[in-house]
Amino acid sequence: MKNQWIEFLYGRVTVKVLGKGIERFLNVLTKNGLHIWNVKRHGTETITFKMRVQDALKIRPYARKSNCKISFLRRSGAPFLLRRLLKNSGVMLGAAAFLFIIFFLSNVIWGIEIKGAKPATEYQIRKELDKMGVKIGKVQFFVDNVEGIQRRLTDNIGALTWVGVELKGTTYHLQVVEKNEPKKTEKLAPQNLIAKKKAIIFKRFVEKGQPVVDINDHVEKGQLLVSGVYGQEGGPSELIAAKGEIWGETWYKSHVKLPLVTNFKVFTGKEEEKHSLSLWNVEIPIWGFGKPTFKKYETEKNIHKIHFLKWELPISYINKTIREREEFQRTYSEKEAEQNALELAKKDIKSELDEDAMIIDEKILHKQYKNGKVILDIHFKIIENIAVGQPISKETPE
């Protein structure tokens, strides 16, 4: 196998020899160190064999001395292949340029489609995409991957609840879910309003229905607040959907722990970039060699798939951003820890409440410092809408 590669690199020719001194000619070649192989006889005065191009240039004097005539039948190997390529270099260059153009255009952004967004929100999205460099005519290698685009759009545009980003060929497809979508008007069935939890009535606003509780009344979970039954006693009644808000003072308990000493990480702003190609999952560096110069760092990797027309090739362009980070230790005093634990408890409580609920008071029931942590049990007073609908059966007697 090794000899075949050497012969291919040097080039080889097939030689035809005619004459009566063929055996003498072959012996002379062998004695002078000229390598020949695949010797074949074609009759009594004709043979063919193969030899290297550099040796073929030396055999004519030996042939004349042996009264033989030689001719070269076939040439093969790298030198002759290169010569043919150079001869047809115009065609080869044209083909290479064509393939390069197709490859380049297959990795350019040619379309951005946005679905599910209002015109104003779509304008914001396209403006933000322009800032990120995601625009028609831009090469895909030089923009964030779909996860990065999705994350930045969600972070930078407040009107979005969720956005899905998908790259299909040369087009980005965005599916958008907006915040505060208008609620569909629905026709409510007859219902009462009842208390969803124990509370003291703080204020009320009844749009439809017959209120049965007043300010400062104490109500239990499931107690009737607003009746959806209209009518006088003993007379016919009308069933409606009671509607309104009944605000009550409710109570919650929270148990929270917070360490006095916290370790956290920050980026220094220094970063390095590395570029590489991934070929069948084998990563080949093309820029930014060696190990990072930072002692502590985090790496963000963006992988861009390479396409040719509609096909995804087993080749990817990888861009790594290496950011230097530092670790710090933050120590709270007991008073600071207590205050931060209280704020943490408030956030936890608010996450369980409706947006319009209000915390009006908090009281620490129990406080303890143990194992480097502050431990608090906290009682909260909340003002919230406690009314929920309860369907009324249409079989209610008149």
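# Exercises on strands, a core and aromatic rings

Strand β16 (residues 261-279) pairs with strand β19 (residues 311-331) in the antiparallel sense, over 16 bridges. The model is predicted, so local features need pLDDT of at least 70 and side-chain atom pairs count only at pLDDT 80 or more, while totals for chains, interfaces and linings use all residues. Residues are numbered from 1 along each chain as its sequence is written, and side-chain values use heavy atoms, with hydrogens and water left out.

**Exercise 1.** Find the bridge partner of F264 in β19, and state which charged residue sits over the ring of F264.

Solution. Step 1: strands are DSSP runs of E with at least two residues, and helices are runs of H or I with at least four, numbered from the N terminus. Two strands pair if DSSP finds at least two bridges between them. Step 2: F264 has F328 of β19 as its bridge partner. Step 3: a charge sits over a ring if NZ of Lys or CZ of Arg is within 6 Å of the ring centre and within 35 degrees of the ring normal. The charged end of R330 meets this over F264, at 5.1 Å from the ring centre.

**Exercise 2.** Describe how β16 connects to β17.

Solution. Step 1: β17 covers residues 282-287 and runs antiparallel to β16, with 5 bridges joining the two strands. Step 2: L279 stands opposite V282 of β17. Step 3: the two strands form a hairpin with 2 residues between them, and W280 in the turn has a positive phi of about 50°.

**Exercise 3.** Decide whether S278 and T321 are buried or exposed, and list their contacts.

Solution. Step 1: buried means under 20% relative accessible area, exposed over 50%, and partly exposed in between (1.4 Å probe, protein chains only). Step 2: S278, in strand β16, is buried because its relative accessibility is 12%. T321, in strand β19, is buried because its relative accessibility is 8%. Step 3: contact means heavy atoms within 4.5 Å. Leaving aside neighbours within four places in sequence, S278 touches E283, P314, I315, S316 and I318. With such neighbours also left aside, T321 touches E271, E272, E273, E298, T299 and E300.

**Exercise 4.** Locate the largest nonpolar core and name the elements that give two or more residues to it.

Solution. Step 1: a nonpolar core is a set of buried Ala, Val, Leu, Ile, Met, Phe, Trp, Tyr and Cys residues joined through side-chain atoms within 4.5 Å. Step 2: the largest one has 18 residues, and V15, V17, F25, F49, M51 and I59 have the most contacts inside it. Step 3: the elements that give two or more residues are β1 (12-19), α2 (22-31), β3 (46-52) and β4 (68-76). The largest share, 4 residues, comes from α2. Step 4: residues up to four places away in sequence not counted, I59 touches V15, F25, L29, L34, M51, I70 and F72.

**Exercise 5.** Classify the ring pair F100 and F104.

Solution. Step 1: rings of Phe, Tyr and Trp (its six-membered ring) pair if their centres lie within 6.5 Å; planes under 30 degrees apart count as stacked, over 60 as edge-to-face, and the rest as tilted. Step 2: the whole structure has 2 aromatic pairs. In the pair of F100 and F104 the centres are 6.4 Å apart and the planes stand at 20°, so this pair is stacked. Step 3: F100 and F104 are about one helical turn apart because they lie 4 residues apart in helix α6 (residues 89-105). F100 is exposed at 53%, whereas F104 is partly exposed at 36%.
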